[in-house]
Amino acid sequence: ILNAVSGEDSLENCLVELSQNIFLLSGGSGIKELQKINDYQRQHLLDQLNSMPMGFDYLIIDTAPGIDDNVLYLNSSVHERNIVITPEPASLTDSYALIKVLNKYHKVTKFSIISNFVRDEQEGLSLYKRLSDVTERFLNVSLDFKGSVPLDLSLRKATKAQQLVVLSSPHAVSSLGLKGIAKNIKNVNDI
């Protein structure tokens, strides 16, 4: 993504095809320059995304946890925000902070929640309810539960091998969770 932001290359040329009709625009890791992009560069990036000729059905932007300027800008610019939470206490704290800031400064009132790295759907729903209880008490926002991704052996193996678990183990519990979430997102967008 740094090549596209800096103007060294087009955004389209920076895409990597992972699977048929699935592309990745890598943000890189540990690239200090990406922490310092300005408003013009952020807007230029979004303009490039909007003018891509490839006709994507969905664009998923995976931002870092927290509330830095890039995270807030990207989350305030999208149609739907899917906040991914894990059982780690820091995850709930970071997610609540993001929801609070987007609500207060960008007037965002609707968020979708996905529970990740949980034992099962019940733990995922419980995690969602914990966050929902706090937001209902202190914020004027709506949270929608999209589903859970259980951390199973198939997901661990696929992650280690840098593979898509839904392709390497399509019947694994984690794959079924991901497919359910994708269906929930698609159904909402079809309305």
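Helices (H or I, at least four residues) and strands (E, at least two) are DSSP runs, numbered from the N terminus. These close-ups come from a predicted model, where local features need pLDDT of at least 70, side-chain atom pairs count only at pLDDT 80 or more, and totals for chains, interfaces and linings use all residues. Residues are numbered from 1 along each chain as its sequence is written, and side-chain values use heavy atoms, with hydrogens and water left out.

**View 1. The β1–β2 hairpin and its turn residue, Asn-21.**
Here strand β1 (residues 16-19) runs antiparallel to strand β2 (residues 22-24), and 3 bridges join the two. Two strands count as paired if DSSP finds at least two bridges between them. To get your bearings, find Val-16, which sits opposite Leu-24 in β2. The hairpin leaves 2 residues between its strands. Asn-21 is in that loop between β1 and β2, and its phi is positive, at about 65°, although Asn-21 is not a glycine. Asn-21 also counts as exposed because its relative accessibility is 63%; the cut-offs are under 20% relative accessible area for buried, over 50% for exposed, and partly exposed in between (1.4 Å probe, protein chains only).

**View 2. Phe-117, another non-glycine residue with a positive phi.**
Look in strand β4 (residues 110-118) for this one. Phe-117 has a phi near 60°. With a relative accessible area of 44%, Phe-117 is partly exposed.

**View 3. Asp-39 and Arg-42, a salt bridge in helix α3.**
The structure holds 4 salt bridges, a salt bridge being a side-chain nitrogen of Lys or Arg within 4 Å of a carboxyl oxygen of Asp or Glu. In this pair, the closest N and O atoms are 2.6 Å apart. Both partners belong to helix α3 (residues 39-50), and because they are 3 residues apart, about one helical turn separates them. Asp-39 is exposed, at 53% relative accessible area, whereas Arg-42 is buried, at 8%.

**View 4. Asn-70 and its contacts, Arg-42 among them.**
Asn-70 belongs to helix α4 (residues 69-76). Leaving aside residues up to four places away in sequence, Asn-70 touches Leu-34, Gln-35, Ile-37 and Arg-42; contact means heavy atoms within 4.5 Å. Asn-70 has a relative accessibility of 13%, so it counts as buried.

**View 5. Lys-146 and Glu-80, a salt bridge between distant parts of the chain.**
The side chains of Lys-146 and Glu-80 meet at 3.7 Å, N to O. This pair spans 66 residues: Lys-146 lies in strand β5 (residues 142-150), while Glu-80 lies in the loop between α4 and β3 (82-85). Lys-146 is buried, with a relative accessibility of just 2%, and Glu-80 is partly exposed, with a relative accessible area of 24%. Asp-144 belongs in the picture too, as salt bridges link Glu-80, Asp-144 and Lys-146 in a network.

**View 6. Arg-119 and Glu-123, an exposed residue bridged to a buried one.**
The closest N and O atoms in this salt bridge are 3.4 Å apart. Arg-119 counts as exposed, at 68% relative accessibility. Its partner, Glu-123, counts as buried, at 18%.
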